[in-house]
4 protein chains.
Amino acid sequence: MLPIGPNVTQNKKKIINDPVYGFISIPYDIIFDLLSHPYLQRLRRIKQMALAHLVYPGALHTRLHHALGAMHLMCMALETLRGKGHRITEEEAEAAAIAILLHDAGHGPFSHALEHTIVEGVSHEDISAHIMDRLNEEFGGRLSLAIRIFKGTHKKKFLHQLVSGQLDMDRMDYLNRDSFYSGVSEGVIGFDRIIKMLNVKDDQLVVEEKGIYSIEKFLVARRLMYWQVYLHKTVVVAEQMLIKALHRARKLALEGESLFSTSAFGFFLHHRVSREEFLSDPQYLDAFLQLDDHDITVSVKAWAQHPDRVLSFLCGGLINRQLLRIEIQKSMPSKQRIAELRRACAKTMDLSGPETEWLVFRGKLRNSAYRETSENIDILIKDGSLADITDASDNFNIKALSKPVEKHYCCYPKQLFTG
Amino acid sequence: MLPIGPNVTQNKKKIINDPVYGFISIPYDIIFDLLSHPYLQRLRRIKQMALAHLVYPGALHTRLHHALGAMHLMCMALETLRGKGHRITEEEAEAAAIAILLHDAGHGPFSHALEHTIVEGVSHEDISAHIMDRLNEEFGGRLSLAIRIFKGTHKKKFLHQLVSGQLDMDRMDYLNRDSFYSGVSEGVIGFDRIIKMLNVKDDQLVVEEKGIYSIEKFLVARRLMYWQVYLHKTVVVAEQMLIKALHRARKLALEGESLFSTSAFGFFLHHRVSREEFLSDPQYLDAFLQLDDHDITVSVKAWAQHPDRVLSFLCGGLINRQLLRIEIQKSMPSKQRIAELRRACAKTMDLSGPETEWLVFRGKLRNSAYRETSENIDILIKDGSLADITDASDNFNIKALSKPVEKHYCCYPKQLFTG
Amino acid sequence: MLPIGPNVTQNKKKIINDPVYGFISIPYDIIFDLLSHPYLQRLRRIKQMALAHLVYPGALHTRLHHALGAMHLMCMALETLRGKGHRITEEEAEAAAIAILLHDAGHGPFSHALEHTIVEGVSHEDISAHIMDRLNEEFGGRLSLAIRIFKGTHKKKFLHQLVSGQLDMDRMDYLNRDSFYSGVSEGVIGFDRIIKMLNVKDDQLVVEEKGIYSIEKFLVARRLMYWQVYLHKTVVVAEQMLIKALHRARKLALEGESLFSTSAFGFFLHHRVSREEFLSDPQYLDAFLQLDDHDITVSVKAWAQHPDRVLSFLCGGLINRQLLRIEIQKSMPSKQRIAELRRACAKTMDLSGPETEWLVFRGKLRNSAYRETSENIDILIKDGSLADITDASDNFNIKALSKPVEKHYCCYPKQLFTG
Amino acid sequence: MLPIGPNVTQNKKKIINDPVYGFISIPYDIIFDLLSHPYLQRLRRIKQMALAHLVYPGALHTRLHHALGAMHLMCMALETLRGKGHRITEEEAEAAAIAILLHDAGHGPFSHALEHTIVEGVSHEDISAHIMDRLNEEFGGRLSLAIRIFKGTHKKKFLHQLVSGQLDMDRMDYLNRDSFYSGVSEGVIGFDRIIKMLNVKDDQLVVEEKGIYSIEKFLVARRLMYWQVYLHKTVVVAEQMLIKALHRARKLALEGESLFSTSAFGFFLHHRVSREEFLSDPQYLDAFLQLDDHDITVSVKAWAQHPDRVLSFLCGGLINRQLLRIEIQKSMPSKQRIAELRRACAKTMDLSGPETEWLVFRGKLRNSAYRETSENIDILIKDGSLADITDASDNFNIKALSKPVEKHYCCYPKQLFTG
């Protein structure tokens with residue numbers, strides 16, 4: 001090392017501009033170090049909302065940005081709880097911030113599509129846990145408490161609930177951020193008010209009584225986001241097309257067809273991996289950590305020119321936003337209707353029967369698919385007792401909100417009806 | 001065509017959610033048709049602000065979104081001018097909307113970087129004009145008036161000025177949108193007020209006197225955006241690294257080295273194209289229109305593993321946000337300082353002298369580079385006369401704002417000083 | 001008239017800054033003339049939310065501002081409906097704008113309090129209609145169509161529904177504006193989206209199917225505003241104290257006690273007016289049109305020094321925000337509890353039994369009090385049929401939302417429990 | 001005290017909804033107690049922007065709200081400075097919050113108008129200091145440190161500068177709040193960024209170098225607010241009319257004419273008070289502390305019916321927003337022009353010569369009137385040195401911004417030119 005210039009010690013107390021919250025401060029040096037790690041930098045290249053930008057052109061924010069936002073809310077929540085007299089040590093606060101920062105590290109590109117195709121049977125939670133363990137090794141065990149909080153094995157359960165629960169900082173941020181970037185202002189939630197109303201009772205995260213209307217609003221906003229954004233019919237059809245395209249490509253790849261892809265993506269196209277293999281053999285995780293949205297997108301773009309007509313139809317449609325037509329209805333479309341559509345497809349597009357199955361299909365939507373486990377949010381009544389929100393609310397509709405709703409769809413090429 | 005289902009005529013009067021303006025309406029069917037064209041869909045995959053998201057993680061909006069926003073403002077401006085009694089025919093209004101929608105269609109991925117490397121000597125304006133001509137052919141001449149407005153050959157000059165001038169809807173939208181998505185709230189401009197203050201006098205776009213403070217604010221906001229965002233030192237160093245990486249890759253490619261790339265990108269890596277060739281031989285434009293951010297990003301990602309140590313250092317740095325250190329100063333760094341740094345670099349990193357030139361370098365920043373031609377904005381005084389804003393303003397600082405400012409930088413690997 | 005200076009014709013096409021919508025344009029000259037009339041200028045001096053600013057310090061916006069906002073939304077709604085092919089003549093558009101502008105002209109200061117005390121039995125709708133008739137005379141009959149729309153006697157019923165109905169521009173603006181100024185961001189509604197989803201079917205104002213989630217959100221936001229803002233316990237107790245103070249003052253006035261007041265307010269303090277008298281004898285309306293918030297506030301301030309201890313206690317409390325304590329509960333407080341509190345009050349504050357009745361009392365809150373008539377909002381299904389929103393929604397909770405909720409309160413001096 | 005109900009200890013850790021900052025927390029119990037004091041409750045009834053709401057209908061926020069906002073920013077600033085390692089004790093933090101909360105307590109209704117008429121020669125700063133002393137007595141000396149900070153006699157000067165200086169929290173909040181409520185979005189400043197850039201060097205409040213563009217923006221925003229809002233010509237003419245009306249009323253009162261007024265206001269109408277008397281004899285401050293906007297407004301409203309034609313013309317104009325015409329120009333209007341206008345006024349309105357002087361007059365505007373003392377803001381350069389912003393900025397316009405600008409106006413009745 002030459003004495004030519006100053007040896008600046010890096011200032012890790014950064015402030016990051018965020019359109020949603022104004023500024024996000026990096027609260028701990030280790031957070032800065034984790035953010036600088038390639039595993040997190042990868043999340044810069046994965047969009048939080050996958051293909052939703054085809055409908056909402058602003059919805060391009062990344063999983064890294066979401067992770068930062070959730071961490072910011074975590075700091076606010078911890079400060080609120082401390083302000084109410086709950087003891088949270090500095091170590092716990094740091095660990096909770098780490099846990100929420102890393103909670104989504106295991107997401108792949110276009111998560112839902114990939115989880116159904118390329119890395120079947122391995123959930124992103126599995127992979128996140130796996131990644132945390134790796135990082136913990138690299139960081140000399142400094143993530144152990146964070147991992148315990150993430151897994152729910154730390155004694156203070158409410159810290160885990162802040163990471164993963166009905167009112168966790170994950171969904172608080174993603175609802176907020178997704179509605180902000182999609183421009184669906186009605187999805188905005190009163191996150192600051194909700195956070196200020198959080199409390200802990202018997203080691204459970206609860207909401208104070210006067211926050212009850214905010215919680216109702218939160219639940220309604222969430223439902224609105226599901227049907228208006230996450231399950232918007234155009235978003236659904238695009239995701240289905242991507243799933244079909246990936247299945248088709250893999251089928252061709254396994255049959256020995258030549259297909260353009262990046263190297264890491266090619267690895268998954270040409271291998272079937274079981275959950276056990278994935279979690280035990282490091283080469284799978286290594287390859288997975290190379291993947292991001294760009295690998296998929298350039299491949300799909302290349303496949304739009306592929307000689308296989310099913311693959312090129314699906315991929316060209318995705319790239320140029322010429323999507324299948326989708327119909328949403330309350331009951332399942334009949335087999336007969338599907339059969340008729342497939343015959344029309346075969347005739348109009350000159351395809352074989354089995355080929356039409358890739359372009360004409362039906363399926364089911366269920367917003368409860370997005371709700372894990374139970375919906376119980378506990379309300380802290382002024383007299384100190386707890387009540388489930390469905391009982392505490394004077395308004396009957398909370399119960400209604402927790403009923404899952406099912407809809408059905410069917411998709412087919414527009415060409416069938418415009419000759 | 002079978003009578004199986006309804007032949008729905010497509011409704012082209014779409015409304016698009018936009019976080020910046022709330023909603024953007026598609027005003028004409030032809031706008032919808034143009035938006036559906038692959039040439040515009042390509043703009044979905046090109047970020048407006050290139051690498052700025054490395055500093056401002058929200059700055060991921062696309063050129064398509066910007067084009068839509070500018071078109072939205074154009075409609076507002078035309079309505080305002082009509083409300084003030086200026087005759088604008090329906091044909092002209094539609095053509096002006098088309099012109100602004102397409103004005104940036106010629107941008108490639110990471111525009112400034114590419115314009116200095118892969119497609120040297122061909123400006124994006126050239127390419128935009130080229131693309132418009134092609135589209136005009138496809139659309140049977142229906143874009144002719146739009147092209148005349150774009151090129152400034154239509155008799156009503158003020159329509160051209162709305163597309164390209166000191167107060168055009170292009171910069172009105174990009175300043176607004178860039179500050180919105182970067183979260184730099186101070187860059188926000190009073191676009192609605194400025195638009196309401198627009199008027200036409202002697203076929204010149206002018207601003208009414210009472211809008212003078214808004215214009216001043218606009219100019220200050222713009223300058224702030226240059227120095228705080230567009231020329232932010234980290235953004236500058238990332239862009240320089242990308243330029244160096246592209247140059248290095250091309251050098252290697254022309255020397256016959258094997259390099260991963262997508263097909264369209266490979267085409268440009270392996271060819272040198274003159275402006276004349278580009279504009280005359282359609283294969284170049286065809287290849288160009290296949291390019292987007294993803295082609296560059298996956299290639300850079302792959303090159304991070306390349307055996308060439310210069311290339312892999314630059315590309316790994318870009319992907320993992322391990323950037324060169326950059327110093328900004330008022331005067332040019334001395335040759336001697338650069339030479340010393342290069343020697344240190346050679347020693348520390350075990351590189352040859354010529355190799356260090358790719359990692360240690362100096363350069364110049366100039367905000368006026370972003371100002372085309374003259375800065376004159378005409379103010380319409382209440383008595384009907386015109387005055388240049390630098391004269392009309394009572395505040396002296398407008399003149400100051402139009403002076404170009406130069407700064408210098410020098411870049412080198414962080415490793416040199418942390419041994 | 002001397003030829004000394006220019007005889008400027010007034011430009012009535014004003015643009016007004018509005019924090020809620022950015023800008024409000026005055027669309028017709030007659031709107032400008034009506035706004036300039038003393039009857040509307042009076043609304044500048046009447047706060048929309050009466051005493052809510054004691055809890056939400058920003059809630060100071062006036063009835064004039066609300067009227068302007070509602071008119072702005074009316075113009076947006078009319079433009080939307082015209083864009084969907086519904087014929088609305090220029091005369092009708094102007095008249096609808098006038099009707100909504102004037103719909104609240106009959107409000108007095110602290111409306112609800114006054115309607116229960118000083119001008120009992122005369123609703124503000126009565127007075128608005130009365131004022132419109134007067135203005136129509138002054139304006140030579142140019143308000144006749146507006147009045148027919150206001151009263152629902154014009155043949156196009158949907159115009160009346162835009163002025164007064166489940167989705168009228170009145171509540172669209174007040175929910176929006178009240179939540180904006182109170183800072184209760186959760187009350188914000190997606191007014192722009194709802195307006196864009198409006199349509200007309202069989203001369204009924206309806207909402208298109210894809211707006212259904214926005215309507216649900218609107219209904220939830222409204223309920224939240226009732227319980228969190230309009231019926232906030234501190235707002236309720238302040239309003240009750242004002243009602244008691246006005247009753248007490250009037251009682252004293254009618255008994256011949258001397259009381260400071262402004263002249264117009266004094267007129268009402270010393271007279272009992274029946275509905276018939278009010279609407280037939282012009283002197284009552286004349287006096288009423290002199291009243292605004294300032295008359296009440298200065299009087300209350302003066303009464304804080306009045307020898308009558310009940311009056312001065314109530315008024316001093318209002319002025320210095322030393323409010324009674326209020327308890328909210330699900331069931332009615334028992335007579336016994338009230339009696340006990342009154343005895344304690346008599347003892348602690350050295351008051352007579354009847355005097356304590358002014359300071360210790362109970363009452364009922366009902367959010368449905370704010371819902372006029374039926375809650376039916378018609379949804380236009382894509383196939384062209386109509387459905388009530390409670391049936392069209394897949395989510396059960398709309399019905400829940402329309403059930404009125406009752407709560408009970410009891411108020412008493414804080415002194416009783418702090419010795 | 002009876003054991004009838006719970007003796008609730010009041011929770012003083014309130015959270016207040018604020019549309020500008022979201023939420024404001026009451027940081028110390030003594031702040032809550034001060035807010036509850038009648039002296040501060042009075043500020044609820046004094047509008048921050050006096051008559052500006054005649055142009056900007058939303059500009060109705062109060063001095064209390066501003067005081068709360070400034071206190072909120074103070075807490076943010078103190079936290080930032082502590083985060084940078086500057087020692088600020090809890091006592092100092094509390095005292096600084098108190099100082100900024102009370103800094104404007106001495107404002108009367110329509111401050112500038114009253115300072116020129118009713119309480120001539122006594123500045124609101126004098127009165128604020130006076131009030132603080134009184135409160136300190138009531139609070140048993142607990143405000144002593146706050147008073148020393150307010151007066152600049154505490155050893156840590158930078159605390160005083162946060163209360164009163166070029167970048168104090170007072171103007172930070174009022175610019176922000178005034179632009180928010182007036183809807184002049186261009187006046188919005190990046191307060192959060194500026195605050196994060198604050199630092200202390202040699203006991204001076206300074207701004208870090210990278211905040212330089214934000215400061216420029218702040219200065220431009222401030223100038224914009226002066227000319228577009230505070231010195232908007234309609235606001236100026238209304239204020240002048242109020243000043244004339246108050247002078248006229250007082251003249252009549254001192255001549256023995258009967259005039260309606262509230263009791264406290266009447267006290268000032270009928271007395272001339274010197275600065276010495278005001279500050280030494282408590283009855284003046286007592287009367288002053290009874291005054292708020294309502295006293296003035298109801299009096300002006302009553303005077304609109306007064307037989308004195310000058311007074312009723314001015315007051316009727318203010319109440320019904322029929323303002324004098326005002327012309328703004330760069331040079332002073334000539335005596336001759338004024339004389340001609342007065343002659344026309346005498347003839348058209350049948351007034352005596354001296355009477356016309358109240359309705360036809362000229363005056364001067366100077367934005368520097370709003371700048372106290374010197375404009376120097378110190379910038380902390382990265383190397384640790386300080387530079388005045390006019391030198392540190394590379395952009396020349398800062399100097400320009402600090403030059404005072406003068407304009408002239410002349411006012412006269414509209415009637416003169418519309419016959």
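Two residues are in contact here if their C-beta atoms, placed from the backbone, lie within 7 Å. On that basis, 42 residues of chain B are in contact with 41 residues of chain A. The model is predicted, so local features need pLDDT of at least 70, side-chain atom pairs count only at pLDDT 80 or more, and totals for chains, interfaces and linings use all residues. Residues are numbered from 1 along each chain as its sequence is written, while chains are lettered from A and ligands numbered from 1 in the order in which they are written.

**Confidence**

The model has an ipTM of 0.92 and a pTM of 0.87. The average pLDDT (the predictor's confidence in each residue, from 0 to 100) is 90 for chain A, and 93% of the residues score at least 70. Over residues 1-8 of chain A the pLDDT stays under 50, and the model has nine contacts beyond four places in sequence for them.

**Chain B against chain A**

Helices (H or I, at least four residues) and strands (E, at least two) are DSSP runs, numbered from the N terminus. On the side of chain B that touches chain A, at least two residues each come from strand E1 (15-18), helix H2 (38-41), helix H3 (63-83), helix H9 (169-182), helix H16 (293-303) and helix H18 (335-349) of chain B. H16(B) supplies the largest share of this side, five residues.

**Domains of chain A**

Domain bounds come from an automatic or database domain assignment. Chain A is divided into domain 1 (15-230) and domain 2 (233-367 + 409-417), and the C-alpha centres of these two domains of chain A lie 30 Å apart. Between them, 28 residues of domain 1 of chain A are in contact with 26 residues of domain 2 of chain A. On the domain 1 side, helix H5 (111-115), helix H6 (124-138) and helix H11 (212-230) of chain A give two or more residues each. H11(A) gives the most, with four residues.

**Helix packing in chain C**

Axes are lines fitted to C-alpha atoms, for helices over the stretch in contact, and angles run from 0 to 180 degrees between N-to-C directions. The axes of helix H4 (residues 90-102) and helix H7 (residues 144-151) of chain C come within 8 Å and cross at roughly 65°. From H4(C), the residues Glu91(C), Glu92(C), Ala95(C), Ala96(C), Ile98(C) and Ala99(C) meet Leu145(C), Ala146(C), Ile149(C) and Phe150(C) of H7(C).

**Residue classes**

Ala, Val, Leu, Ile, Met, Phe, Trp, Tyr, Cys and Pro count as nonpolar, Asp, Glu, Lys and Arg as charged, and the others, Gly among them, as polar.

| Contact side | Nonpolar | Polar | Charged |
|---|---|---|---|
| Side of chain B that touches chain A | 20 residues | 18 residues | four residues |
| Side of domain 1 of chain A that touches domain 2 of chain A | 17 residues | six residues | five residues |
| Contact of H4(C) with H7(C) | eight residues | no residues | two residues |

**Strand pairing**

Two strands pair if DSSP finds at least two bridges between them. In chain C, an open sheet of three strands has the order E5-E9-E6, with antiparallel pairing. Its edge strands, each pairing on one side only, are strand E5 (325-329) and strand E6 (361-366) of chain C. Neighbouring strands of this sheet are turned by 25° against each other on average, direction ignored. E6(C) is joined to strand E9 (residues 406-412) of chain C by six bridges, and the two run antiparallel. Leu365(C) stands opposite Lys407(C) in E9(C).

In chain D, strand E1 (residues 15-18) and strand E2 (residues 22-25) pair in the antiparallel sense over four bridges. A hairpin of three residues joins E1(D) to E2(D), and the bridge partner of Ile16(D) is Ile24(D) in E2(D).
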